Amino acid sequence: MAEFDLDLQSIQEARTLAAAAREAQQSFLHASQAEVDRICAAMAEAAYAAAERLGRMAVEETTYGVPEHKTLKNFLCSRILWEAIKDIPTVGVIRHHEQKRMYDIAWPVGVVAALIPSTNPTSTVMFKTLIAVKARDAIVVAPHPAAVQCCVETARVMAEAGERAGMPKGLVSCMSKVTLAGTQELMKHNDTALILATGGSDMVKAAHSVGKPAYGVGP
């Protein structure tokens, strides 16, 4: 009965976070490039500042890896990643093909469901959060059951920094009650537009079987 109740709680949390993310993303839809970049920069710096602590949390919770290595990956997926992508335009007209008389206009997809592995949980949350918000998308993180607390804390650190910089509340969130049923509900939810799945082959296959656009990465 307890396991069944946890499934129900996880499903409800997925629905609640997806709906809140959609609402936040709608208010973020017309953010300027300057606003987007200010928010992302704040989140990247907050994640970088917490990199060592979050790296230790990941190792303690999952028992995978070495804290110093996790810290380096957190550095890579926070400030170093942001330095690499900060000048990429993601708002309005981003390219003009003069000979073809065509314009490329950036437009967000909506709510991103981000499946996170137990092997590199905190750095993956950082990476996916930055690329989602840079594109004016919302993101709901679905951690591996063995890495819930470190993922929740990473998302909290970044969300609070982003909100202080002007990001709508709910644009970045993380499931804390994680079951397979809840993760499936998040992927299938009407408000979810895109799935970013990082993990084992079964997870990636599940993401690609939902019937929505999905990027799958793993062994």
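This report describes strands 3, 4, 6 and 7 and one helix contact in a predicted model.

**Strand 3 and its faces**

Strand 3 covers residues 111-115 and is mostly covered, with five of its five residues buried. Val111, Ala113 and Leu115 point one way from the strand. Val112 and Ala114 point the other way, and these residues too are buried. In a regular strand, side chains alternate between the two faces of the sheet.

**Strand pairing**

Strand 3 pairs with strand 4 and is also joined to strand 6. Strand 6 in turn is joined to strand 7. The table lists these pairings.

| Strand pair | Residues of the second strand | Sense | Bridges |
|---|---|---|---|
| Strand 3 and strand 4 | 138-142 | parallel | five bridges |
| Strand 3 and strand 6 | 192-198 | parallel | five bridges |
| Strand 6 and strand 7 | 214-217 | parallel | four bridges |

Individual partners help to place the strands in register. Val111 of strand 3 has Ala138 in strand 4 as its bridge partner. Between strand 3 and strand 4 the chain passes through helix 5, and this β-α-β crossover is right-handed.

Towards strand 6, the bridge partner of Ala113 is Ile195, while Ala114 has Leu196 as its bridge partner. Strand 6 is largely enclosed by the rest of the structure, because six of its seven residues are buried.

Further along strand 6, Ala197 stands opposite Gly216 in strand 7. The chain leaves strand 6, runs through helix 8 (residues 201-208) and reaches strand 7; this β-α-β crossover is also right-handed.

**Helix 3 against helix 5**

Helix 5 (residues 121-134), which lies on the path from strand 3 to strand 4, also has a contact with helix 3 (residues 51-62). The axes of the two helices come within 8 Å and cross at roughly 130 degrees. That angle makes helix 3 oblique to helix 5, because angles over 145 degrees would be needed for roughly antiparallel and 65 to 115 for roughly perpendicular.

Which residues of helix 3 and helix 5 meet? From helix 3 they are Leu54, Ala58 and Thr62, and from helix 5 they are Pro121, Thr122 and Met126. By class, this contact has four nonpolar and two polar residues, with no charged residues.

**Summary**

Strand 3 thus has parallel pairing with strand 4 and with strand 6, and its five residues are buried. Helix 5 links strand 3 to strand 4 and meets helix 3 through residues that include Pro121 and Met126.

Terms used: Residues numbered from 1 in each chain as written. Predicted model: local features only at pLDDT ≥ 70, side-chain atom pairs only at ≥ 80, totals over all residues. Heavy atoms only, no water. Axes fitted to C-alpha atoms, helices over the stretch in contact; angles between N-to-C directions. Parallel < 35°, antiparallel > 145°, perpendicular 65-115°, else oblique. Contact = heavy atoms within 4.5 Å. Nonpolar A, V, L, I, M, F, W, Y, C, P; charged D, E, K, R; others polar. Buried < 20%, exposed > 50% of the residue type's maximum accessible area, 1.4 Å probe, protein only. Pairing = 2+ DSSP bridges. Right-handed = clockwise from strand over helix to strand, strands pointing away.
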